Amino acid sequence: MSVADLARYELAVPRALPEACQLLAARVASGEPTLLCAGGTDLLVELGMAPPLGAGARPPLCVDLSRLPELGGVERVDRDGPRIRIGAGVSYLALGRHALVEGALPLLARMSHDIGGPTIQARGTLGGNLATGSPAADGVAALAAHDATVVLTSVRGERRVPFAGFQTGYKRSVRQADEIITAFELEPLAPGSPWCWRKVGARQAQAISKVAFAAVAELEGGRARRFGAAMASMAPVTATLPATRALVLGTPLAGLDGEALDRAVAADTSPIDDIRSTRAYRAHAARALARGFLRELGAAV
Amino acid sequence: MSSSEVRREHVGRSVGRVDGAAKVTGRALYVDDLPARPGELHGAAVRSPVARGLLRSIELDPAFDWSDVTVVRAEDVPDNVVALLVDDQPVLARTRVNHAYEPVVLLACADRGKLERAVAAVRLELEPEPAVLELEAALAAETVISGPDNVQSRYLITKGAADVEAEDRVAASRAAIERALAGCEVVVSGRYSCHHQEHLYLEPNGMVAWWDADGLHATGSIQCPYYVQKGLCRGLRLPAERVHVTQAVTGGGFGGKEEYPTMLALHAALLAQKSGRPVRMVYGRREDIEATTKRHPAVCEVTTGCDRDGTLRVLSLRALYDAGAYVTLTPVVLSRGVLHAGGVYAWRDARIEGLSLATNTPPSGAFRGFGAPQTLWAIERHVDRVARELGRDPAELKRQNLLRVGDSTPTGQVLRGSVGLAECVTAALEASGYRDKRAAPPRVVGRKARGIGCSVVLHGAGFTGSGERRLQGKVAVDLRPGGRLCIRTASTDIGQGTETVFAQIVADAAGVGLADVDFATPCTTHVPDSGPTVASRTVMVVGSIVERAAQKVAARVRAEQAAAGGSFAAAGDRLLAREGAVSALEQYEPPGWVAWDDARYKGDAYPAFAFACDVAEVEVDLDTFEVRVVGFWCAADVGRAVNPVMCKGQLEGGALQAIGWALTEEVVWRDGRILNPRLTNYIVPTALDAPPFETFLVEAPFEHGPGGGAKGIGELPMDGGAPAVAAAIEHATGLVLDGLPLTPERLLAASLARGEVKP
């Protein structure tokens with residue numbers, strides 16, 4: 001970034017979450033343009049492509065969340081059973097190396113190694129990934145497959161939103177303008193249970209997903225007692241695959257029909273043609289990836 | 001030449017890069033690192049948003065404060081032409097635009113933020129016209145944008161039965177080659193297409209221009225200082241002695257900084273002239289991808305005839321190249337395309353026709369390989385097809401038909417020596433285990449299938465035919481105090497290692513240490529015109545006169561040493577004290593036997609060819625059709641490797657660029673505009689996509705090459721990657737793809753067409 005770009009925003013670097021919440025609340029009340037920045041891996045790109053500010057226009061305030069201690073940390077907590085709490089500001093690099101994540105949330109660890117490249121992984125965060133709301137977000141697909149709970153904090157307090165109720169449309173969510181995504185709570189996967197992370201990109205690194213498939217399952221007596229799955233780049237929001245989940249949870253694995261599975265995946269997704277891929281390819285890959293994982297679970301699809 | 005007397009202490013050794021330390025420590029100054037000159041302005045271009053249209057007016061928003069913005073329009077350009085082969089391209093569009101992103105207005109301002117707003121405050125009133133955006137549409141000529149039929153240049157090469165004398169050679173040779181094909185036991189036809197490719201050098205194009213009492217100065221990221229000087233002289237109507245063009249340290253070119261910097265230098269110079277201030281123009285990635293040249297898309301129609309035993313006899317090939325909106329270097333690119341179209345095979349009868357067609361896309365231009373990768377893609381894919389028809393292994397069919405010393409190419413050039421082709425094929429096939437891997441059915445593990453494929457290619461070094469004779473490239477080697485030698489050449493180091501290999505050649509030729517050799521900054525005021533840094537000519541052509549010049553200067557110092565004693569340095573200093581300057585200026589002269597007929601396209605197209613066999617092994621995901629290259633073997637006949645590590649680096653880097661072209665790189669167009677002008681969506685391979693490379697240097701020395709026989713290899717590795725990868729995909733999946741790029745989406749479509757996709 002060159003010196004000429006520096007006038008595009010002003011920067012605030014709060015040192016603690018209450019300070020950040022107060023600042024944000026004040027900005028929202030005054031109606032002045034405000035940006036939240038976690039790792040900046042999306043935001044700086046967007047700022048770089050934004051049209052120039054008009055002469056004399058007031059640049060937005062960018063609130064840097066990357067130094068808030070409350071957004072860090074990965075720990076085991078108890079909330080309706082065991083959960084792993086992941087700070088929204090934990091970088092992918094830290095996530096992928098964390099022993100607790102590797103052991104209890106292997107999908108998340110694997111995804112963290114696949115996203116962007118080393119520089120993106122060092123800066124990027126799950127909170128930022130969810131906040132910017134791209135339907136192609138890999139981290140969000142991983143959260144969705146785990147039915148993560150999203151923790152939001154503001155001067156009004158803290159609230160918890162189940163993932164299924166978080167996204168409301170393309171780059172829209174239930175997050176209020178004065179709220180900061182502070183953490184996620186995920187149910188650990190039973191040791192040895194099957195999971196799948198498959199990112200289909202145009203290259204091995206630095207690729208936005210054409211399709212990504214995240215899934216976890218816990219099996220018992222020939223059935224899935226837990227099955228969570230999601231896809232990126234397959235709908236205007238992260239696809240949480242309700243029909244597919246219902247089919248898998250409601251059918252003994254041995255009796256699962258491949259074509260019924262294909263129909264469920266098709267019903268759950270609405271792929272498009274865009275710069276990165278085609279509708280036909282995405283539809284095909286989504287079916288194939290879902291079948292591949294179900295075969296791993298013992299279904300004859 | 002006295003190469004047999006030369007002791008080789010440096011050539012053949014992988015010495016470290018002489019420019020390496022400056023580059024890794026940041027001391028090397030690329031154009032955007034150069035300190036701002038006093039009063040310097042930033043420059044920008046206002047470009048056409050449409051592919052074709054009439055320019056009705058240019059309006060500057062009256063609400064905008066233009067007081068500190070310099071505005072240059074077409075009428076400000078003394079001679080509104082970018083001087084290349086044909087005077088068809090304006091520096092700034094005047095009455096019409098012929099492609100999207102064509103520059104129309106130039107602006108300069110000290111404040112970059114304001115400059116950006118100023119660009120948005122210029123309104124171009126354009127009346128769009130129907131545009132021709134694809135080769136097929138250009139050929140159909142329902143809309144004519146150039147000449148009577150959109151055809152811009154044309155070549156015809158004939159050999160054997162097709163080499164007929166007739167008033168209408170085009171028609172008569174066509175009839176003759178059809179008769180020859182009719183007499184063959186097996187006739188196979190195919191059509192092969194390939195697409196644009198963006199250079200994506202790390203450093204975008206950039207230039208700084210200023211005027212002073214000596215005239216105009218332009219310093220930038222360039223391959224060819226004298227091309228830029230020529231363009232500035234013409235566009236600004238200046239004599240050469242008033243134009244001083246200097247190369248800044250340059251971060252890659254691949255041909256993308258061959259002709260384009262002339263345009264950029266003209267823009268910066270015009271703004272500097274009108275504002276009376278230095279002007280800097282450094283493109284961002286988006287502008288660089290949108291506005292600068294790309295590799296020519298091409299379609300080749302091929303029909304061949306052979307004996308049932310696989311002996312290739314007759315070749316008929318028609319190549320169509322998409323030139324884009326202006327001629328630029330296209331005729332030369334097309335020429336190289338047709339000259340390489342026969343591949344590495346000994347055809348008895350050949351007819352090769354090439355046409356370039358105008359379209360309303362940004363001009364296609366020089367790109368590593370310069371036309372050859374397109375026809376070599378076609379001929380290699382085609383010989384694979386012939387093998388399929390014959391039930392033969394493609395590598396064995398290729399080996400059976402390789403050119404040998406004494407054989408002739410389609411232009412009738414008899415190969416006199418330095419043909420290490422068979423050794424390349426043997427080395428690459430053996431190292432890769434090709435035969436065993438092809439003997440069994442493709443290995444499938446889970447949903448991943450492996451396949452292996454090979455290509456065999458050649459690349460002529462230096463300018464085509466009489467080009468080098470016309471060019472008269474020159475270099476100088478000067479004696480400096482302390483027994484040092486300084487190379488003065490316009491052959492630039494753009495990352496490929498010229499400074500290092502030239503220093504190695506000079507050190508050996510003069511019998512001095514590598515540390516005693518300097519490389520002068522390429523500036524038209526101080527270095528002779530060595531010809532452009534293109535065409536795989538730097539080492540083989542320019543390196544040979546560098547060697548000779550160094551020998552001559554050293555011989556004078558040695559004579560002084562013999563006469564009056566002392567060290568090389570002491571003798572050199574005595575000479576300098578006596579004579580003031582001691583220097584040797586050498587001019588290139590091709591070997592006397594090189595004979596070329598431009599009118600009939602016959603004779604010795606190149607003094608030497610480099611050869612290579614590439615083997616690619618791929619793994620294809622049968623669910624997603626993702627392709628990974630899991631192994632890449634290249635054996636290349638380089639004549640003589642001056643610096644083996646750097647030579648392999650060129651070969652492997654070029655192969656990766658070829659793999660990118662084959663698999664992922666795709667310029668996506670809509671209405672003549674590029675939809676993916678960003679690093680995030682124009683997909684070049686990353687380090688993780690690079691396969692393990694095994695590269696073998698075969699040395700069949702070329703008697704006139706420097707260092708004991710070096711040939712040019714800069715472009716060779718771009719030629720064979722795509723057909724080798726396509727052959728490997730075919731082996732793994734049975735899918736035959738004849739059009740690039742080989743994306744998963746296209747593989748899926750091919751699989752659907754065969755009715756065999758099952759998730």
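**Figure 1. A salt bridge between B:Lys552 and B:Glu586.** B:Lys552 counts as partly exposed, at 44% relative accessibility, whereas B:Glu586 is buried, with a relative accessible area of 7%. Here buried means under 20% relative accessible area, exposed means over 50%, and partly exposed lies in between, as found with a 1.4 Å probe on protein chains only. The side chains of B:Glu586 and B:Lys552 meet in a salt bridge of 2.7 Å, N to O; a salt bridge is a side-chain nitrogen of Lys or Arg within 4 Å of a carboxyl oxygen of Asp or Glu. The pair links distant parts of the chain, 34 residues apart: B:Glu586 belongs to strand β21 (residues 583–587) of chain B and B:Lys552 to helix α15 (residues 538–564) of chain B. Helices (H or I, at least four residues) and strands (E, at least two) are DSSP runs, numbered from the N terminus.

This is a predicted model, in which local features need pLDDT of at least 70, side-chain atom pairs count only at pLDDT 80 or more, and totals for chains, interfaces and linings use all residues; side-chain values use heavy atoms, with hydrogens and water left out. Residues are numbered from 1 along each chain as its sequence is written, while chains are lettered from A and ligands numbered from 1 in the order in which they are written.

**Figure 2. A salt bridge between helices α15 and α16 of chain B.** The side chains of B:Glu560 and B:Arg574 meet at 2.7 Å, N to O. B:Glu560 lies in helix α15 of chain B and B:Arg574 in helix α16 (residues 568–579) of chain B, so the salt bridge ties together parts that are 14 residues apart in sequence. B:Glu560 is buried, at 8% relative accessibility, and B:Arg574 is partly exposed, at 28%. Elsewhere, salt bridges that share partners join B:Glu380, B:Arg381, B:Asp384, B:Arg385, B:Arg388, B:Lys398, B:Glu730 and B:Asp738 into one network. Over all chains, the structure holds 79 salt bridges.

**Figure 3. The surroundings of B:Leu156 and the pair B:Asp163 and B:Arg600.** B:Leu156 is found in strand β7 (residues 151–159) of chain B and is buried, with a relative accessible area of 13%. Leaving aside its neighbours within four places in sequence, B:Leu156 is in contact (heavy atoms within 4.5 Å) with B:Arg169, B:Val170, B:Ser173, B:Arg351, B:Ile352, B:Glu353, B:Arg600 and B:Tyr601. B:Arg600 also forms a salt bridge with B:Asp163, the closest N and O atoms being 3.7 Å apart. These two partners are 437 residues apart, with B:Asp163 in the loop between β7 and α4 (169–182) of chain B and B:Arg600 in the loop between β22 (596–597) and β23 (602–603) of chain B. Both are partly exposed, B:Asp163 with a relative accessible area of 32% and B:Arg600 with 21%.

**Figure 4. The largest nonpolar core.** A nonpolar core is a set of buried Ala, Val, Leu, Ile, Met, Phe, Trp, Tyr and Cys residues joined through side-chain atoms within 4.5 Å. The largest has 133 residues, and those with the most contacts inside it are A:Leu294, B:Val725 and B:Leu742. β24(B) gives the most to this core, with nine residues. Leaving aside its neighbours within four places in sequence, B:Val725 is in contact with B:Ala616, B:Val618, B:Val629, B:Ile659, B:Ala662, B:Leu663 and B:Leu742. A second, separate core of 43 residues includes B:Val542, B:Val546, B:Val553 and B:Val557.

**Figure 5. Helix α20 of chain B and the contact with chain A.** The buried residues of α20(B) include B:Pro744, B:Glu745, B:Leu747, B:Leu748, B:Ala750 and B:Ser751. Their cover includes α11 (279–296) of chain A together with β24 (608–621), β25 (627–637) and α19 (721–733) of chain B. The contact takes 29 residues from chain B and 32 residues from chain A. The two chains bury about 2600 Å² between them, 57% of it on carbon and sulfur atoms; buried area is the accessible area (1.4 Å probe) that two parts lose on being put together, summed over both. Four salt bridges are counted between chain B and chain A, and the side chains of B:Glu745 and A:Lys210 meet in a salt bridge of 3.1 Å, N to O. The elements that give two or more residues to the side of chain B that touches chain A are α2 (112–120) and α20 (744–753) of chain B.
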